Amino acid sequence: MAGLRGCSPALALDPPALHTPPRRGPRTPGLRRTQPGLSKSCRGTFRSPRPSPKSGQADGAGWESLHLDIQKLKEKRDLLDKEIVQLISEGYSVDELEDHISQLHEYNDIKDVGQMLLGKLAVIRGVTTKELYPEFGLDVND
């Protein structure tokens, strides 16, 4: 039982006869599933996803790293602020950008509905959607 630490207790307590095998979908050629049962990662000791500090590394080194990260973020913020000022000086506005984004969302929603309708019509006619494009004056690259 000690070798099963971190695994589901149900696997260890239920007799194997009571387990029903999982249903499997169609197999994809070239891909193999792992063997049923406990995976290797479940048998080993727990490893934290957080990196441990290097041996001999003092807390000061961690603080230096944080200060360096903060400095890089401040530099990036300053660079972005300069880009914003440049775009405003070129005549761009936040309101115009938000309106443009809103219109793009509306366009994409309308296009999705059109694609859905073309797909349904193609199924009814027994053709591909690509074959319907010329009939409606649509370009395949749109």
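T128 counts as partly exposed, at 45% or 42% relative accessibility? The figure for T128 is 42%; 45% belongs to E96, which comes up later. This is a predicted model, so please read every value as computed from that prediction. T128 is located in the loop between α4 and α5. In sequence, T128 and L118 are ten residues apart, and in space their C-alpha atoms are 9.1 Å apart.

Now the chain as a whole. What elements does the chain contain? There are five helices and zero strands. Read from the N terminus, the order is α-α-α-α-α. Of the 142 residues in the chain, 4% are buried. The exposed area of the chain is about 13700 Å², and 58% of that comes from carbon and sulfur atoms. On contacts: taking those in the chain with a separation of 6 or more, 28% are between residues 24 or more positions apart.

Next, the charged pairs. How many salt bridges does a search of the whole structure find? The search finds two.

One of them joins R125 and E135, with the closest N and O atoms 2.6 Å apart. This pair links distant parts of the chain: R125 is in helix α4, while E135 is in the segment after α5 (129-132), and the two are ten residues apart. Are these partners buried or exposed, or in between? R125 has a relative accessible area of 42%, so it is partly exposed. E135 is partly exposed as well, with 47%. Buried would require under 20% and exposed over 50%.

The other salt bridge is between R77 and D78, where the closest N and O atoms are 3.7 Å apart. The cut-off for a salt bridge is 4 Å. R77 has a relative accessible area of 47% and is partly exposed. D78 is partly exposed too, with 37%.

That leaves two surface patches. Which residues form the negative one? They are D95, E96, E98 and D99. E96 is placed in helix α4. With a relative accessibility of 45%, E96 counts as partly exposed. Patch members need over 30% relative accessible area, so E96 passes that cut-off.

The second patch is nonpolar. V113, M116 and L117 form it on the surface, and together they have about 280 Å² of accessible area. M116 also lies in helix α4, which covers residues 94-125. M116 has a relative accessible area of 46%, so it is classed as partly exposed.

To recap helix α4: M116 is in it, E96 is in it, and so is R125, the arginine of the pair with E135. T128 is in the loop that follows, between α4 and α5. That is the end of my part.

How values were computed: Residues numbered from 1 in each chain as written. Predicted model: local features only at pLDDT ≥ 70, side-chain atom pairs only at ≥ 80, totals over all residues. Heavy atoms only, no water. Patch = residues over 30% accessible without salt bridge, like charges linked within 9 Å, V, L, I, M, F, W, Y side chains within 5 Å. Areas by Shrake-Rupley, 256 points an atom, 1.4 Å probe, with all protein chains shown as cover. Salt bridge = Lys/Arg side-chain N within 4 Å of Asp/Glu carboxyl O. Helix = DSSP H or I, 4+ residues; strand = E, 2+ residues; numbered from the N terminus. Buried < 20%, exposed > 50% of the residue type's maximum accessible area, 1.4 Å probe, protein only. Contact = heavy atoms within 4.5 Å. Lys, Arg positive; Asp, Glu negative; His and termini not counted. Charge placed at Lys NZ, Arg CZ, Asp CG, Glu CD.
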